[in-house]
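Q: Please take a close look at a single part of this model and describe how it sits among its neighbours.

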Amino acid sequence: MVFGIISAAVHIAFGALLGGWAGGTLGLTIGAVVGLLVGAPFCWAIASARVYGPDVRGVLLFVVDHSWSLLNTFVGAIYLAAHLVVGHQLDRTTSARTCRVNVVDGVSPRYATTLGTVCAGSTSGIQRHEDVHILQGRLLGPLYLPTVGLNYALFTIAPVWWLWHDHTNAPINRFARYFEIGVYPHVWNEAIAYRIQGKPPR
């Protein structure tokens with residue numbers, strides 16, 4: 001419960017900060033409301049699933065997620081809210097004391113997707129891969145999402161990955177595969193995560 005209350009306060013303050021930076025007093029108020037709307041489902045999730053344990057690890061990662069990695073946590077909270085709005089369920093058992101929020105259903109049945117500390121559609125066969133993304137966000141903090149976005153943009157426009165891509169086992173023979181088989185698995189965060197667990201799509 002304590003983690004949930006603190007998290008709610010941090011989300012409201014962060015929303016207000018962003019709003020105030022964008023539009024003065026009115027922006028601050030709107031930002032605070034947005035922070036509450038985004039943060040409330042996340043706070044409910046971490047409290048009801050007991051995501052952060054009361055041990056040193058749980059407290060430390062909670063602090064990281066609500067300070068250095070707050071931007072990632074905020075984006076993850078938006079992601080979680082969207083899942084809950086469409087009826088997807090929180091996986092309390094898998095989330096308990098893992099310092100991440102698991103959602104049963106993913107965006108696509110073929111892939112798990114992780115934003116911030118929210119992981120949707122994962123299984124035991126790919127969870128370590130998704131945990132790598134959470135660790136990457138915690139290490140890089142506010143730099144994580146911009147560097148991933150820039151890498152996607154760069155590899156889409158300038159496909160240097162073509163030089164080392166496995167064209168024999170994963171041919172790029174139609175437009176959709178350019179992104180799914182080409183760009184996606186070669187972006188730096190995915191390339192690292194696939195080395196830990198899982199095989200890139202082919």
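Q: Which residue follows α3, and is its phi positive or negative?

A: The residue after α3 is G87, and its phi is positive, near 95°. Some ground rules come before the rest. The model is predicted, so local features need pLDDT of at least 70 and side-chain atom pairs count only at pLDDT 80 or more, while totals for chains, interfaces and linings use all residues. Residues are numbered from 1 along each chain as its sequence is written, and side-chain values use heavy atoms, with hydrogens and water left out. Helices (H or I, at least four residues) and strands (E, at least two) are DSSP runs numbered from the N terminus.

Helix α3 covers residues 70-85. Its 16 residues should span 22 Å at 1.5 Å a residue, and the end C-alpha atoms are indeed 22 Å apart; the expected span is 1.5 Å times one less than the number of residues. Buried residues of α3 are L70, N72, T73, F74, G76, A77, Y79, L80, A81 and H83. Here buried means under 20% relative accessible area, exposed over 50%, and partly exposed in between, with a 1.4 Å probe and protein chains only.

The partner to consider is helix α1 (residues 2-48), whose axis comes within 9 Å of that of α3 and crosses it at roughly 60°. Axes are lines fitted to C-alpha atoms, for helices over the stretch in contact, and angles run from 0 to 180 degrees between N-to-C directions. The two helices are therefore oblique to each other, given that angles under 35 degrees count as roughly parallel, over 145 as roughly antiparallel, 65 to 115 as roughly perpendicular and the rest as oblique. The crossing of α1 past α3 is left-handed, that is, the near helix is turned anticlockwise from the far one by less than a right angle, whereas clockwise would be right-handed.

On the α1 side, the residues that meet α3 are V10, H11, F14, G35, V38, P41, F42, W44 and A45. Those of α3 are L70, L71, T73, F74, A77, I78, L80, A81 and L84. Contact means heavy atoms within 4.5 Å. By class, this contact has 15 nonpolar, three polar and no charged residues. Ala, Val, Leu, Ile, Met, Phe, Trp, Tyr, Cys and Pro count as nonpolar, Asp, Glu, Lys and Arg as charged, and the others, Gly among them, as polar.

L80 of α3 is also a reference point for D55: they are 25 residues apart in sequence and 25 Å apart in space, C-alpha to C-alpha. D55 lies in the loop between α1 and α2 (56-65) and is partly exposed, with a relative accessible area of 41%. R50 belongs to the loop between α1 and α2 as well. R50 is exposed, at 64% relative accessible area, and its phi is near 50°, a positive value in a residue other than glycine. Most residues other than glycine have a negative phi, and most peptide bonds are trans.

Beyond α3, C99 has a positive phi too, near 65°, and is likewise a residue other than glycine. C99 is found in the loop between α4 (92-95) and β1 (101-103). With 1% relative accessibility, C99 counts as buried.
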